[in-house]
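Please look at the sequence and the fold together, and keep both in view while reading the paragraphs that follow.

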Amino acid sequence: MFQRESIGTEEAEKARDAILEALTDTDNPIALVIADDRGLPVLLYREDGAPARMLRRARAKAYTSANLGVNTVDFRDSEIKAKHRTLSDWGDPMITSLQGGIAIRNNGAVVGGIAMSGNTTIRDEALAQIGLDAMGLEK
């Protein structure tokens, strides 16, 4: 029998709460998506004032991280830029190379993806990392 491990709402809510606590007055309104091991949303959150496109971007980042098992910036640098490939090479319109998506691991296995959108890509990734750390998983 095949068994899989995936992120749940308890971990997702811990991450959301930590991210909201870490936001500052200089941050823009954010969108957050935490996806399961297949890239399907477990938690979607869009602050008042955050454009809908930010939620779509965060969803694509979380989906990519979960499905490919890598952070989106690493995917961009090692696959897209280094090998001169395009996103269409993967045959999946949800795959993105936008920075800010982080693969969620537990005991070495990919169990989901977490992603932010709304600020600079570096800030988005830093906030996503705060959320990931709050989950308390074993990397």
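A residue is called exposed when its relative accessible area is over 50%, buried when that area is under 20%, and partly exposed in between. The model shown here is a predicted one, and in it H84, with a relative accessibility of 71%, counts as exposed because that value is over 50%. H84 sits in the loop between α3 and β3, and its phi is near 50°, which is a positive value in a residue other than glycine. The loop between α3 (72–81) and β3 also holds S97, but S97 has a relative accessibility of 18% and therefore counts as buried. Leaving aside neighbours within four places in sequence, the residues in contact with S97 are T72, F75, R76, I80 and L87.

From these loops we can turn to the sheet. Strands of a sheet pair through backbone hydrogen bonds, either parallel or antiparallel. Here four strands form an open sheet in the order β2-β1-β4-β3, and the pairing is antiparallel. The edges are taken by β2 (41–46) and β3, each of which has a single partner strand, so one side of each is left without a neighbour in the sheet. From one strand to the next, the twist averages 15°.

The pairings can be followed across the sheet in that order. Five bridges join β1 and β2 in the antiparallel sense, and in this part of the sheet A31 stands opposite R46 of β2. Five bridges also pair β1 with β4, again in the antiparallel sense, with A35 standing opposite G113 in β4. Between β3 and β4, which run antiparallel, there are six bridges, and I102 has I114 of β4 as its bridge partner. β3 and β4 form a hairpin with two residues between them, and N107 in the turn has a positive phi of about 50°. N107 is exposed, at 59% relative accessibility, whereas β4 is mostly covered, with seven of its nine residues buried.

What lies against this sheet? Helix α4 packs on the sheet, where α4 touches β1, β3 and β4, and the direction of α4 makes about 140° with that of β4. One residue of helix α4 is A126, which counts as partly exposed at 34% relative accessibility. A126 and G91 are 35 residues apart in sequence, and their C-alpha atoms are 29 Å apart in space.

The next step is to ask which side chains gather inside. In soluble globular proteins, nonpolar side chains tend to be buried together. The largest nonpolar core of this model has 18 residues, of which L32, I34, I104, I114, M116 and M135 touch the most other members. At least two residues of this core come from each of α1 (9–22), β1 (31–35), β3 (101–106), β4 (109–117) and α4 (121–135), and α4 gives the most, with four residues. A second core, separate from this one, has seven residues, including V33, M54, A58 and A62.

Helix α2 (residues 52–68) is where K61 has its place. For the 17 residues of α2, a rise of 1.5 Å a residue gives an expected span of 24 Å, which agrees with the 25 Å between its end C-alpha atoms. The buried residues of α2 are M54, A58, A60, K61, A62, Y63, T64, S65 and A66, and what covers them includes β1, α3, β3, β4 and α4. Just after α2, G69 takes a positive phi of about 75°.

Is K61 buried or exposed? The relative accessible area of K61 is 3%, so K61 is buried. Not counting residues up to four places away in sequence, K61 touches T72, T96, L98, Q99, G100, G101, A115, M116, S117 and D124. A polar atom of the K61 side chain lies 2.8 Å from the backbone oxygen of M116. M116 is one of the core residues named above, and, leaving aside its neighbours within four places in sequence, M116 is in contact with I19, I30, A31, L32, A58, K61, G100, D124, L127 and A128.

Technical notes. Residues numbered from 1 in each chain as written. Predicted model: local features only at pLDDT ≥ 70, side-chain atom pairs only at ≥ 80, totals over all residues. Heavy atoms only, no water. Core = buried A, V, L, I, M, F, W, Y, C linked by side-chain atoms within 4.5 Å. Buried < 20%, exposed > 50% of the residue type's maximum accessible area, 1.4 Å probe, protein only. Contact = heavy atoms within 4.5 Å. Polar contact = N/O pair within 3.5 Å; in protein donor to acceptor, adjacent residues only side chain to side chain. Expected span 1.5 Å × (residues − 1). Pairing = 2+ DSSP bridges. Axes fitted to C-alpha atoms, helices over the stretch in contact; angles between N-to-C directions.
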